[in-house]
Amino acid sequence: MKYQTINEFEHFELNEVHISDVEVTNGFFHIVLDDVVILPENSCNRDIRKMRANDLVLKIDDMKIQRLTREGYKTYNADGKLLGQTEDTVIPESDYSGILKTFTDGSAYSVTKEGNTYTFIVDATDESTYELVITGSGDRQEWDRFLSWNE
């Protein structure tokens with residue numbers, strides 16, 4: 001990769017990004033994102049404006065999944081009457097790999113970091129929305145080129 005930053009998570013906007021790939025194995029987490037906004041404060045951004053990148057690889061070091069939750073929902077009839085409600089479901093660890101495969105070609109509405117905790121809100125290809133919460137010791141971002149970004 002041409003550009004690389006280390007622990008500069010706060011210099012990216014990771015909202016409504018496309019997920020091209022996800023790999024999780026033995027403490028290794030790597031996700032490929034498209035439509036990422038690179039902020040002017042980023043150490044690799046030589047412009048004084050927001051830029052964009054596709055195929056940005058976000059790696060989280062010493063990763064551990066804390067929780068994977070399928071978000072619940074409510075169903076209504078055409079008159080707005082509540083027909084049913086499905087509660088949030090915590091996914092067991094044995095099902096992680098199957099669920100994480102459905103993230104590929106999905107969208108991440110939000111990717112945030114607080115301390116050493118990263119939270120991904122993902123609309124997966126199985127027509128479900130998930131919250132993935134992981135911890136890690138640091139993060140790295142890699143990409144090949146900057147693209148123009150228009151607000």
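Ile60 stands opposite Asp139 in strand β15, and this pairing is a handy way into the fold. Helices (H or I, at least four residues) and strands (E, at least two) are DSSP runs, numbered from the N terminus. Five bridges join strand β7 (residues 56-61) to β15, and the two run antiparallel. Two strands count as paired if DSSP finds at least two bridges between them.

The model is a predicted one, so local features need pLDDT of at least 70 and side-chain atom pairs count only at pLDDT 80 or more, while totals for chains, interfaces and linings use all residues. Residues are numbered from 1 along each chain as its sequence is written, and side-chain values use heavy atoms, with hydrogens and water left out. As for pLDDT, it is the predictor's confidence in each residue, from 0 to 100. The chain has a mean pLDDT of 94, with 99% of its residues at 70 or more. Confidence bottoms out in strand β9 (residues 73-76), at a mean of 92, and is highest in strand β13 (residues 117-123), at 98.

Back to the strands. β15 and β7 belong to an open sheet of 10 strands, in the order β1-β15-β7-β4-β3-β12-β13-β14-β8-β11, with antiparallel pairing. At its edges stand β1 and β11, each with a single partner strand, so one side of each is left without a neighbour in the sheet. At the β1 end, four bridges join strand β1 (residues 3-6) to β15, again antiparallel, and Thr5 has Gln141 as its bridge partner in β15. Strand β15 (residues 138-143) is mostly covered, with five of its six residues buried. Buried here means under 20% relative accessible area, exposed means over 50%, and partly exposed is in between (1.4 Å probe, protein chains only).

Further along the order, seven bridges join β3 to strand β4 (residues 28-34), which run antiparallel; Thr25 stands opposite Phe28 in β4. Towards the β11 end, β8 is joined to β14 by six bridges in an antiparallel arrangement, and β8 also pairs with strand β11 (residues 89-90) in the antiparallel sense, over two bridges. Arg70 has Thr89 as its bridge partner in β11. Arg67, found in strand β8, has Val133 as its bridge partner in β14. Arg67 is partly exposed, with a relative accessible area of 34%. From C-alpha to C-alpha, Arg67 and Gln4 are 28 Å apart in space, and they are 63 residues apart in sequence.

There is also an open sheet of three strands, ordered β2-β5-β6 with antiparallel pairing. Its edge strands are β2 (12-13) and β6 (51-53), each of which pairs on one side only. Two bridges join β2 to strand β5 (residues 36-38), antiparallel once more, with Glu13 partnered by Val37 in β5.

Turning to the rings, the structure holds seven aromatic pairs. Rings of Phe, Tyr and Trp (its six-membered ring) pair if their centres lie within 6.5 Å; planes under 30 degrees apart count as stacked, over 60 as edge-to-face and the rest as tilted. The rings of Phe103 and Tyr130 sit with centres 5.8 Å apart and planes at 40°, so this pair is tilted. The pair links distant parts of the chain, 27 residues apart: Phe103 lies in the loop between α1 (96-101) and β12 (107-114), and Tyr130 in strand β14 (residues 129-135). Phe103 and Tyr130 are both buried. Trp143 and Phe146, by contrast, form an edge-to-face pair, 5.6 Å centre to centre with 90° between the planes. Both Trp143 and Phe146 are buried too, and ring pairs link them with Tyr3 and Phe12 into a cluster.

That leaves the empty space. The largest pocket has a volume of about 220 Å³. On a 1 Å grid over the protein atoms alone, a pocket is an open set of points where a 1.4 Å probe fits, with protein on both sides within 12 Å along at least five of seven lines; lining residues have an atom within 4 Å of a point. The volume is the space filled by probe spheres set on the points, which are joined across faces, edges and corners. The lining is made up of Val24, Thr25, Asn26, Gly27, Met63, Lys64, Ile65, Glu93 and Tyr96. Two elements, β3 (15-25) and β8 (64-70), give two or more residues to this lining.
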